[in-house]
Each structure stands twice: as structure tokens, then as C-alpha cells.
Amino acid sequence: MPELPEVEQVRKTLLPHIKGKTITKVEVYLDRLVKHPSSEQFIKNLTGRTIEDVCRRGKYLVLKTGVNQKLIVHLRMTGSLVAQASDLEAPPYAKIKFELTDGVTMWFCDIRTFGTLYLVTDDDCYIAGYETLGPEPLTVGFNPEYLAPIAAKSRKPIKTLILDQTVIAGLGNIYADECLALAGILPTRIANTLTRAEIEAVHEAANKVIAQGIANRGTTFRDYKDGEGNKGDNQNHLLVYGRGGEPCKTCGEPLATTKVGGRGTTYCAKCQH
DNA sequence: CTTCGTTCCTGGAAGC
DNA sequence: TGCTTCCAGGAACGAA
């Protein structure tokens, strides 16, 4: 599922194919994916616009399509944005087609159709979840001094806390499990029981697993592909996610699985405390 | 206020 | 073999 490193990889691979190109035609095959405005207005207001830049905030892709207009896309579980030559046929599960100048077509595809798209202007459309995003990993705003008081006030499991996008923008189920494995902290630990040293370990581990995910061009478990349709490589470097029952890479004990906040969770009962 | 459960959706795996 | 059931999960939303 696309988390921060995957969305960043989509951004990077999409950028050279679509930046500076003009949207000549938009077709929406599944209206409910367009959350704002109506799909008719969405099509009308995007047609003729030029993609000035491709940015990312948390797990959201942000395409600047004018001084006061942005196309904001959340891929959720199985969404993808792929740029390819216009003479190629539609990829599987194509839901929205963006025809661009210079013979390029960008497709929004989605198997489970949880993805969401918004066309916003500065004074129109508040996206719940976007405005309230917390600091990004690997930025100065994300640091132990920021994280410690939040954890101290929370009675949630630490995994649930770091999955909260208002606390940290961009961690999903894969990188949350990886972060806690690297930090040596049990996912079920209640956030306010973590020591200062443990908070620092979580902070450092979050930065490391996100940086590694980006360096490995994202994690492809099943459906994730980047803006050029290629898979990532980080699935070959994971400590725990998807490895339940397999030996811990540190101690060799079989990795345990459980549910935390309704999410499948894998950890090492020997290495994580 | 915080925290928890439900909901959306499809394809693949597991179970009978 | 072939059918049915379950599960994966981000985040909005309603309920406690």
C-alpha cells in the first residue's frame, strides 16, 4: 500500500513525464473517486491547465495546476498514477484518464477504488486529513522534543500513535511495524509508558525506515507500482512486515503476529520490549 | 476531549 | 475441483 516512500517514488517517476505539460482532455469512469468538486466541474476546471509541479505531503500527491489550483490525490490502498505513451491501451483498472500534450497520458488506476481525488483552490475545499497533517519524517519539525509530549499524553498503543497522520505524516502499516522493530519497542506498548530514550529510538527508527524505503524505491507487496509502472525493491529489505512465523533477522526466533488497533501487526517477542 | 468500532472495496488465499 | 468465506487496510465517521 502506498505510504510516504511509495508516494515519493510515484512523485519522482511521474515528474519528468508530466511537468510542464498541458491537460488536453479528462475522462472520469468512476465519479465517486472525485470527492471535490463534482466530476463535471473537475473535468471542466482541469482541461487546458498546465501541470506546473508535482509535490507530495504525507501520503498525498499534489499536482500544481495553476497559481490558485491544485489536484490532490490520495492513492489509499491500491490506487496508482502512471504516465505512458498515449497510443498504449488503458492499463488494468483504469478509472480516470488525463490526456496531456506531447503524446503522454496519465492514468489513475485503482483495484479497490478507495483512492480519492480533489481539485482545490486556496479558498475552496477543506480536505479533512490534509490540513491537519503532522510533521514529515526526515524534517526538522519531526524530533524527540515534538514527539515526547504527544506520547506522554496518549493512552493509545505506540503503533496506533505513529499511524496517526496528525502526529507523523506518512507512516502506514508497513513502516510502522518496521519502525518499532528497528527501535526494539513492542507495538502494543501504551504510548505514555515509553521512556525518553525509547521515544528517541522511535524517532530515529522512523527516519531510518522511511529513508531506506525511499532509497529502495518503495515496497511492493502486491499492487504498488510507481509512476512508470515499476515495482519497488524495499520488500526484500523488511525486518518484520509480512514475515510472520519466519525467523527474526536479529535473533532467529519466529516472528509473532497480532492485531493492534485492528491492523495486522508483526513483531519479534524477543527483540522488542 | 479521547478512544474505539464500522465502513468503503476487490482479488487472492484459505477452508470445506 | 469448485464453491464460499475471510482477510488485507487508510482514514472518515459515528458512537461510547
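Of the atoms of DNA strand C within 4 Å of the protein, 54% belong to sugar or phosphate, and the remainder belong to bases. Please keep in mind, everyone, that this is a predicted model.

So who is standing around strand C? There are 16 residues around DNA strand C, and the ones that come nearest are His74, Met77, Arg112, Ala128 and Lys259. By class, the surface near DNA strand C divides into six nonpolar, five polar and five charged residues.

Now for some individual contacts to the backbone of that strand. An N or O atom in the side chain of His74 sits 2.7 Å from a phosphate oxygen of DNA strand C. Asn173 places a polar side-chain atom 2.8 Å from a phosphate oxygen of DNA strand C. For Gln165, a polar side-chain atom is 3.4 Å from a phosphate oxygen of DNA strand C.

Let's turn to the other strand. Which residues are around DNA strand B? They are Arg32, Tyr93, Ile111, Arg112, Thr113, Phe114, Ser154, Arg155 and Lys156. That surface has three nonpolar, two polar and four charged residues. Here, 62% of the strand B atoms within 4 Å of the protein are from sugar or phosphate, with bases making up the rest.

You may have noticed Arg112 in both lists: it is among the residues that come nearest to DNA strand C, and it is also around DNA strand B. On strand B, an N or O atom in the Arg112 side chain is 3.2 Å from a base oxygen. Two other residues go to phosphate. A polar backbone atom of Arg155 is 2.7 Å from a phosphate oxygen of DNA strand B, and a polar side-chain atom of Tyr93 is 3.4 Å from a phosphate oxygen of DNA strand B.

Next, helix H2, residues 39-46. Its residues Ser39, Phe42 and Leu46 are buried. Looking down the axis of H2, the buried residues fall within an arc of 55°, so they line one face of the helix. Exposed residues Glu40 and Lys44 are carried on the face turned away from that buried side. And what covers the buried residues of H2? The cover includes strands E1 (23-28), E2 (34-36), E4 (60-66), E5 (69-74), E7 (94-100) and E9 (116-120). After H2 comes Gly48, with a positive phi near 95°.

Staying with buried residues, have a look at Ser80, which is found in strand E6 (residues 79-85). Ser80 has a relative accessible area of 11%, so it counts as buried. Setting aside neighbours within four places in sequence, Ser80 is in contact with Leu75, Trp107, Phe108 and Cys109.

On to the aromatic rings. The count comes to three aromatic pairs. In one of them, Phe221 and Tyr241 have ring centres 4.9 Å apart and planes at 90°, so the pair is edge-to-face. Both residues lie in the loop between helix H6 (196-215) and strand E10 (256-260), so the pair ties together parts that are 20 residues apart in sequence. Are these two partners buried or exposed? Tyr241 counts as buried because its relative accessibility is 16%, while Phe221 is partly exposed at 42%.

One last stop: Lys12, in helix H1 (residues 4-18). With a relative accessible area of 38%, Lys12 is partly exposed. Lys12 and Arg217 are 205 residues apart in sequence, yet 9.7 Å apart in space, C-alpha to C-alpha. Thanks for listening!

How values were computed: Residues are numbered from 1 along each chain as its sequence is written. Chains are lettered from A and ligands numbered from 1 in the order in which they are written. This is a predicted model: local features need pLDDT of at least 70, side-chain atom pairs count only at pLDDT 80 or more; totals for chains, interfaces and linings use all residues. Side-chain values use heavy atoms; hydrogens and water are left out. A residue is near a molecule or strand if one of its heavy atoms lies within 4 Å of it. A polar contact is a pair of N or O atoms within 3.5 Å; within protein, one must be able to donate a hydrogen and the other to accept it, and residues adjacent in sequence count only if both atoms are side-chain atoms. Ala, Val, Leu, Ile, Met, Phe, Trp, Tyr, Cys and Pro count as nonpolar, Asp, Glu, Lys and Arg as charged, and the others, Gly among them, as polar. Helices (H or I, at least four residues) and strands (E, at least two) are DSSP runs, numbered from the N terminus. Buried means under 20% relative accessible area, exposed over 50%, partly exposed in between (1.4 Å probe, protein chains only). Contact means heavy atoms within 4.5 Å. Rings of Phe, Tyr and Trp (its six-membered ring) pair if their centres lie within 6.5 Å; planes under 30 degrees apart count as stacked, over 60 as edge-to-face and the rest as tilted. The arc is that of the directions from the helix axis to the C-beta atoms.
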